[in-house]
Amino acid sequence: MEKNYLEINRNSWNAKVEPHLKSDFYFVDEFLNGRNSLNSIELELLGNIEGKKILHLQCHFGQDSISLSRLGAVVTGIDLSDKAIATARDLTKKCGTDTEFICSDVYDLPNVLNEKFDIVFTSYGTIGWLPDLDQWAQVIAHFLKPDGKFIMAEFHPVVWMFDDDFNRVAYNYFNEKPIIETYNGTYADPSADITQEYVMWNHPLAEVIQNLIKNNMTINDFQEFDWSPYPCFKHIVESEKGKWRIPQFGNHIPLVFALEAQKKSS
């Protein structure tokens, strides 16, 4: 495992905060005026969350966390990036919500937070930053109340097999080794004047599902989608309103998966 991956990735995400705040991708002005940042995929799995305690893992600067608060939940968002968390705290004040934010990496969170939750939530571009999904699932199970639910929406691992232009298979579907690369710009603003190293891991679906099962959770719902709610890949086009696809693949490959797992009561 890359020893200093946390430091490398924290620096990378800290560098993204300012260009992301200015980008159309994150529509911050509309968000401050009440626009919800959650998508139909995760909203359908979440259902009615009025009064539910939710832990949001890897929340970036908190738009989805604040959106969950606006729907009536009691929300704690966590993220590795200190700049993202500082921004999230500023946003929640501006939005008038009581969303709590904690700066922590996922694995260290049990040493930082002593609460139990009805729902643990994570979405879109999160698990690729984590080397060990067994430890990840342990953390989820640790924070869930008995019968509590884990809700996840994430980019499909098939997507990460391809090069950035989606011309060829460039990476292993399976978790072979850390992927250490340097990129210019960011998915929210390719023209952003930043160059950052990052460390990521590809996690196949079996790795996600089996580690949740191994850690005392039952899979209640699993879905795959041939579209993305975000235009965050090169050459992607909006083929229907709010549904983005890679033109040469059409609807032939999955771009997103989503699941609901439930912690066993005993």
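In this predicted model, Gln196 is found in strand E7, which spans residues 195–200. Is this residue buried or exposed? Because burial is assigned under 20% relative accessible area, Gln196, with a relative accessibility of 18%, counts as buried. Leaving aside residues up to four places away in sequence, Gln196 touches Asn11, Ser12 and Ala15, together with Glu181, Thr182 and Tyr183. Asn11, Ser12 and Ala15 fall within the range of helix H1, residues 5–22.

Helix H1 also leads to a second element, helix H5, since the buried residues of H5 pack against H1. Helix H5 comprises 14 residues, running from 82 to 95. From its first C-alpha to its last, H5 reaches 20 Å, close to the 20 Å expected at 1.5 Å a residue.

Which residues of H5 are buried? They are Ala84, Ile85, Thr87, Ala88, Leu91, Thr92 and Cys95. These residues lie on the same side of H5 because they cover an arc of only 160° around the axis. On the face turned away from this buried side, H5 carries the exposed residues Lys93 and Lys94.

The packing partners of the buried residues of H5 include both helices and strands. The helices are H1 (5–22), H2 (28–32) and H4 (63–70), while the strands are E2 (74–79) and E3 (100–103). Just after H5 comes Gly96, which takes a positive phi of about 75°.

The description now turns to the spaces in the model. How many cavities of 30 Å³ or more does the structure hold? There is one. The largest cavity contains about 110 Å³ of space. Its lining consists of 15 residues, and those nearest the centre are Ile127, Gly128, Glu154, Phe155 and Trp160. By class, the lining of the largest cavity has eight nonpolar residues, six polar residues and one charged residue.

A pocket, unlike a cavity, is an open set of points. The second largest pocket has a volume of about 350 Å³. Of the 19 residues lining this pocket, Phe27, Arg35, Asn39, Pro229 and Tyr230 are the closest to its centre. The lining of the second largest pocket divides into eight nonpolar, five polar and six charged residues. Thus charged residues number six in the lining of this pocket, whereas the lining of the largest cavity has one.

Key
Residues numbered from 1 in each chain as written. Predicted model: local features only at pLDDT ≥ 70, side-chain atom pairs only at ≥ 80, totals over all residues. Heavy atoms only, no water. 1 Å grid on protein atoms, 1.4 Å probe; cavity = no way out; pocket = protein on both sides within 12 Å on 5 of 7 lines; lining within 4 Å. Points joined across faces, edges and corners; volume = space filled by probe spheres on them. Nonpolar A, V, L, I, M, F, W, Y, C, P; charged D, E, K, R; others polar. Helix = DSSP H or I, 4+ residues; strand = E, 2+ residues; numbered from the N terminus. Expected span 1.5 Å × (residues − 1). Buried < 20%, exposed > 50% of the residue type's maximum accessible area, 1.4 Å probe, protein only. Arc of directions from axis to C-beta. Contact = heavy atoms within 4.5 Å.
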